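Here are my notes on this model, as numbered points. Please read them alongside the coordinates.

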Amino acid sequence: MFQGSEQMLPMRTPDAVAARLERLILDGVFRPGQLLPSERRLCDRLGVSRTSLREGLRVLRSKGIIVTRQGRGSVVAELVTGRDDSPLMHLFRDHPRTLFDLLEVRSLLEGESARLAAERATPADRVMIQRRYEAMAEYVEAGEEIDVERLAHLDHAFHLAICQASHNPVLVHTLQSLTDLLLSSVFASVKNLYHREVPRQMINRQHARLHRAVMEGKPEAARRAALDHLAGIEAQLREIEAEDQRLERSAMRLKEWG
């Protein structure tokens, strides 16, 4: 289930067990909201006694990293709390101008994560990236009416799989902490661009190029593909914004002199 975690701990103290589990959580093996494997399975994989494991879990509970519910086992806690309700998140979501700021942030984070993914992706990472890409591509090619929200989630999942293949826990958790905002960015892109033939073809080509560069292990090509993808989306959205402003000005002149 979790590659590499079978290795014996140098120490079987509760703190060492807790540290090993923390590493697995940081690496994204166990994700927020995920139920941890049974005690028996964890003991077997970590090579520790049940007593040491339980004490290690107690350490994680005291830090708020896991939550244990009677009869349901231990679940990884939401590592970034309150993101939905914070005033800053409301401000970001309620003001469309921040969309372009989000695209800048995505460029900073996703360009580097694509480069690192091309360098560091394991066979298992490539399987996951391939699955996410195929799910997105097959939905687009199905010829059915596009559900904007569903496609946005498929698009986001593809980019997140690439980020996870970077094997940089800080980068991964930073992006995951911005999930709601990033989804709003992807949603806006899909909603405003995907019903237009030229932007739709552009996005599909760019996704294919990014996928290919990462899968073929070409770091600079992957970085450039990610940056070009986001720059292309920004350019298209700015053109739509300018077009809307032109239409608004024309309507105002017509109203004034009509």
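1. The buried residues of H6 are Asp125, Ile129, Tyr133, Met136, Ala137, Tyr139 and Val140. Buried means under 20% relative accessible area, exposed over 50%, partly exposed in between (1.4 Å probe, protein chains only). These buried residues lie on the same side of H6, because they cover an arc of only 165 degrees around the axis. The arc is taken from the directions from the helix axis to the C-beta atoms. On the other side, Pro123, Arg131, Glu138 and Glu141 are exposed.

2. This is a predicted model: local features need pLDDT of at least 70, side-chain atom pairs count only at pLDDT 80 or more, and totals for chains, interfaces and linings use all residues. Residues are numbered from 1 along each chain as its sequence is written, and side-chain values use heavy atoms, without hydrogens or water.

3. Helix H6 spans residues 123–141, 19 in number. Helices are DSSP runs (H or I, at least four residues), numbered from the N terminus. From first C-alpha to last, H6 reaches 26 Å, close to the 27 Å expected. That expected span is 1.5 Å times one less than the number of residues. Just after H6, Gly143 takes a positive phi of about 80 degrees.

4. What covers the buried residues of H6? The cover includes helices H5 (98–120), H7 (148–164) and H10 (197–215). Contact here means heavy atoms within 4.5 Å.

5. Ser166 sits in the loop between H7 and helix H8 (169–177). Ser166 is buried, at 0% relative accessible area. Its side chain reaches the backbone oxygen of Cys163 at 2.6 Å. Cys163 is also buried, at 0%.

Definitions and conventions: Helix = DSSP H or I, 4+ residues; strand = E, 2+ residues; numbered from the N terminus. Polar contact = N/O pair within 3.5 Å; in protein donor to acceptor, adjacent residues only side chain to side chain.
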